[in-house]
Amino acid sequence: QVQMVESGGGLVQHVGSLRLSCAASGRNFSRYALGWFRQAPGNEREIVAALSRSDKVTYYKDSVKGRFTISRGNAKNTVYLQMNDLKPEDTAVYYCAVNSRALFSGTLYYRIEAYDYWGQGTQVTVSS
(Lines give C-alpha, C1' and ligand atoms only; values in the text may rest on other atoms or scores of the structure.)
Protein backbone atom coordinates (compact mmCIF):
# COMPACT_ATOMS: atom_id res chain seq x y z
CA GLN A 1 0.00 0.00 0.00
CA VAL A 2 1.27 3.44 -0.93
CA GLN A 3 0.39 6.38 1.26
CA MET A 4 0.74 9.79 -0.26
CA VAL A 5 0.69 13.06 1.62
CA GLU A 6 0.14 16.37 -0.12
CA SER A 7 1.14 19.80 1.06
CA GLY A 8 1.58 23.32 -0.22
CA GLY A 9 -1.98 24.43 -0.88
CA GLY A 10 -3.46 27.62 0.49
CA LEU A 11 -4.87 31.03 -0.31
CA VAL A 12 -2.99 33.14 -2.83
CA GLN A 13 -3.71 36.30 -4.75
CA HIS A 14 -4.22 36.49 -8.49
CA VAL A 15 -0.87 36.08 -10.36
CA GLY A 16 0.73 34.60 -7.25
CA SER A 17 2.55 31.27 -7.05
CA LEU A 18 2.28 28.05 -5.09
CA ARG A 19 4.26 24.82 -5.10
CA LEU A 20 2.36 21.65 -4.32
CA SER A 21 4.26 18.63 -3.02
CA CYS A 22 3.22 15.01 -2.77
CA ALA A 23 5.38 12.54 -0.87
CA ALA A 24 4.98 8.77 -0.82
CA SER A 25 5.74 6.81 2.28
CA GLY A 26 7.97 3.83 1.81
CA ARG A 27 7.88 3.89 -1.94
CA ASN A 28 10.11 5.12 -4.70
CA PHE A 29 8.28 6.86 -7.52
CA SER A 30 11.05 6.35 -10.02
CA ARG A 31 9.24 3.62 -11.98
CA TYR A 32 5.80 5.17 -11.82
CA ALA A 33 3.91 7.53 -14.08
CA LEU A 34 2.58 10.53 -12.20
CA GLY A 35 -0.23 13.01 -12.48
CA TRP A 36 -1.92 15.99 -10.87
CA PHE A 37 -5.68 16.41 -11.02
CA ARG A 38 -8.03 19.04 -9.67
CA GLN A 39 -11.69 19.29 -8.81
CA ALA A 40 -13.62 22.51 -8.39
CA PRO A 41 -17.04 22.60 -6.68
CA GLY A 42 -19.73 21.27 -8.98
CA ASN A 43 -17.18 20.04 -11.52
CA GLU A 44 -15.72 16.67 -12.35
CA ARG A 45 -12.14 15.84 -11.46
CA GLU A 46 -9.87 16.76 -14.35
CA ILE A 47 -6.27 16.16 -15.20
CA VAL A 48 -3.98 19.16 -14.96
CA ALA A 49 -0.57 17.66 -15.67
CA ALA A 50 1.02 14.27 -16.29
CA LEU A 51 4.57 12.95 -16.27
CA SER A 52 5.85 9.77 -17.90
CA ARG A 53 7.99 7.21 -16.09
CA SER A 54 11.03 8.44 -17.98
CA ASP A 55 10.38 12.08 -17.00
CA LYS A 56 10.91 12.94 -20.65
CA VAL A 57 7.28 13.34 -21.65
CA THR A 58 4.80 15.74 -20.07
CA TYR A 59 1.23 16.82 -20.61
CA TYR A 60 -0.52 19.99 -19.47
CA LYS A 61 -4.11 21.06 -19.70
CA ASP A 62 -4.32 23.90 -22.20
CA SER A 63 -5.37 26.48 -19.62
CA VAL A 64 -2.27 25.87 -17.47
CA LYS A 65 0.38 25.55 -20.17
CA GLY A 66 3.27 27.88 -19.55
CA ARG A 67 2.18 28.45 -15.95
CA PHE A 68 2.34 25.01 -14.28
CA THR A 69 5.24 22.56 -14.15
CA ILE A 70 5.15 18.95 -12.98
CA SER A 71 8.38 17.39 -11.77
CA ARG A 72 9.74 14.45 -9.86
CA GLY A 73 11.92 15.07 -6.82
CA ASN A 74 15.57 14.05 -6.71
CA ALA A 75 14.79 11.54 -4.00
CA LYS A 76 12.31 9.99 -6.43
CA ASN A 77 9.57 9.67 -3.83
CA THR A 78 8.11 13.14 -4.28
CA VAL A 79 6.20 14.81 -7.08
CA TYR A 80 5.77 18.56 -7.38
CA LEU A 81 3.43 20.94 -9.16
CA GLN A 82 4.84 24.43 -9.48
CA MET A 83 2.00 26.85 -10.19
CA ASN A 84 2.78 30.39 -11.34
CA ASP A 85 0.58 33.26 -12.49
CA LEU A 86 -2.38 31.75 -10.69
CA LYS A 87 -5.87 32.75 -11.70
CA PRO A 88 -9.19 32.57 -9.82
CA GLU A 89 -10.30 29.79 -12.19
CA ASP A 90 -7.45 27.64 -10.82
CA THR A 91 -9.29 27.44 -7.51
CA ALA A 92 -9.91 23.77 -6.71
CA VAL A 93 -8.83 20.82 -4.62
CA TYR A 94 -5.67 19.40 -6.16
CA TYR A 95 -4.80 15.70 -6.05
CA CYS A 96 -1.58 13.91 -6.87
CA ALA A 97 -1.86 10.48 -8.43
CA VAL A 98 0.38 7.51 -9.17
CA ASN A 99 0.14 4.89 -11.89
CA SER A 100 2.21 2.01 -10.53
CA ARG A 101 1.26 -0.25 -13.44
CA ALA A 102 2.64 1.88 -16.25
CA LEU A 103 4.37 -0.43 -18.72
CA PHE A 104 6.10 1.99 -21.02
CA SER A 105 8.54 4.67 -19.98
CA GLY A 106 7.34 7.29 -22.44
CA THR A 107 3.58 6.93 -22.07
CA LEU A 108 1.31 9.53 -20.49
CA TYR A 109 -1.90 8.69 -18.69
CA TYR A 110 -4.86 11.03 -18.76
CA ARG A 111 -7.74 9.11 -17.28
CA ILE A 112 -8.60 8.87 -13.59
CA GLU A 113 -8.97 5.10 -13.95
CA ALA A 114 -5.31 4.74 -14.92
CA TYR A 115 -4.12 5.86 -11.50
CA ASP A 116 -4.19 3.51 -8.54
CA TYR A 117 -2.88 5.67 -5.70
CA TRP A 118 -4.10 9.13 -4.74
CA GLY A 119 -3.22 11.86 -2.31
CA GLN A 120 -5.82 13.22 0.09
CA GLY A 121 -6.15 16.50 -1.79
CA THR A 122 -5.06 20.02 -0.95
CA GLN A 123 -7.16 23.15 -1.37
CA VAL A 124 -5.89 25.93 -3.60
CA THR A 125 -7.84 29.18 -3.51
CA VAL A 126 -6.92 32.10 -5.75
CA SER A 127 -8.44 35.46 -4.92
CA SER A 128 -9.14 38.04 -7.58
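Is Arg 72 buried or exposed in this model? With a relative accessibility of 10%, Arg 72 counts as buried. The model shown here is a predicted one, and the close-ups below go through its sheet and its charged pairs.

**View 1. Arg 72 meets Asp 55 in a salt bridge.**
The N to O distance between these two side chains is 2.7 Å. Arg 72 belongs to strand 7, while Asp 55 sits in the loop between strand 5 and strand 6. The two are 17 residues apart, so here's a link between distant parts of the chain. The partners don't share a burial class: Arg 72 is buried at 10%, whereas Asp 55 is partly exposed at 31% relative accessibility.

**View 2. Four strands make up an open sheet.**
Read across the sheet and the strand order is 1-3-8-7, with antiparallel pairing. Strand 1 (3-7) and strand 7 (68-72) are the edges, each pairing on one side only. On average, neighbouring strands here are turned by 15 degrees against each other, direction ignored. As a reminder, strands of a sheet pair through backbone hydrogen bonds, either parallel or antiparallel.

**View 3. Strand 3 pairs with strand 8 and with strand 1.**
Strand 3 (residues 18-25) runs antiparallel to strand 8 (residues 78-83), and 6 bridges join them. One spot to look for is Leu 18, which stands opposite Met 83 in strand 8. Strand 3 also pairs with strand 1, again in the antiparallel sense, over 5 bridges. Here Glu 6 has Cys 22 in strand 3 as its bridge partner.

**View 4. Side chains alternate along strand 1.**
Met 4 and Glu 6 point to one face, and both are buried. Gln 3, Val 5 and Ser 7 point to the other face and are not buried. Glu 6 is also the residue bridged to Cys 22 in the previous view.

**View 5. Glu 46 and Lys 61 form a salt bridge.**
Their side chains come to 3.3 Å, N to O. What does this pair tie together? Glu 46 lies in strand 5 (residues 46-51) and Lys 61 in the loop between strand 6 (58-60) and strand 7, so the contact ties together parts that are 15 residues apart in sequence. Glu 46 is partly exposed, at 28% relative accessibility. Lys 61 is partly exposed too, at 22%.

**View 6. Lys 65 picks up Asp 62.**
This is another salt bridge, with the closest N and O atoms 3.0 Å apart. Asp 62 counts as exposed because its relative accessibility is 63%. In general, side chains of opposite charge can pair when their charged atoms come close.

**View 7. Shared partners build a salt-bridge network.**
Which residues does this network join? Arg 38, Glu 46, Lys 61, Arg 67 and Asp 90 are connected through salt bridges that share partners. The Glu 46 and Lys 61 pair from View 5 is one of the contacts to look at here. For the model, the salt bridge count comes to 8.

**View 8. Arg 38 sits in strand 4.**
Strand 4 covers residues 33-39. Arg 38 has a relative accessible area of 6%, so this residue counts as buried. Its side chain makes a polar contact of 3.0 Å with the side chain of Asp 90. Look for Gly 121 as well: Arg 38 and Gly 121 are 83 residues apart in sequence, yet their C-alpha atoms are 8.5 Å apart in space.

Notes:
Residues numbered from 1 in each chain as written. Predicted model: local features only at pLDDT ≥ 70, side-chain atom pairs only at ≥ 80, totals over all residues. Heavy atoms only, no water. Pairing = 2+ DSSP bridges. Axes fitted to C-alpha atoms, helices over the stretch in contact; angles between N-to-C directions. Salt bridge = Lys/Arg side-chain N within 4 Å of Asp/Glu carboxyl O. Buried < 20%, exposed > 50% of the residue type's maximum accessible area, 1.4 Å probe, protein only. Polar contact = N/O pair within 3.5 Å; in protein donor to acceptor, adjacent residues only side chain to side chain.
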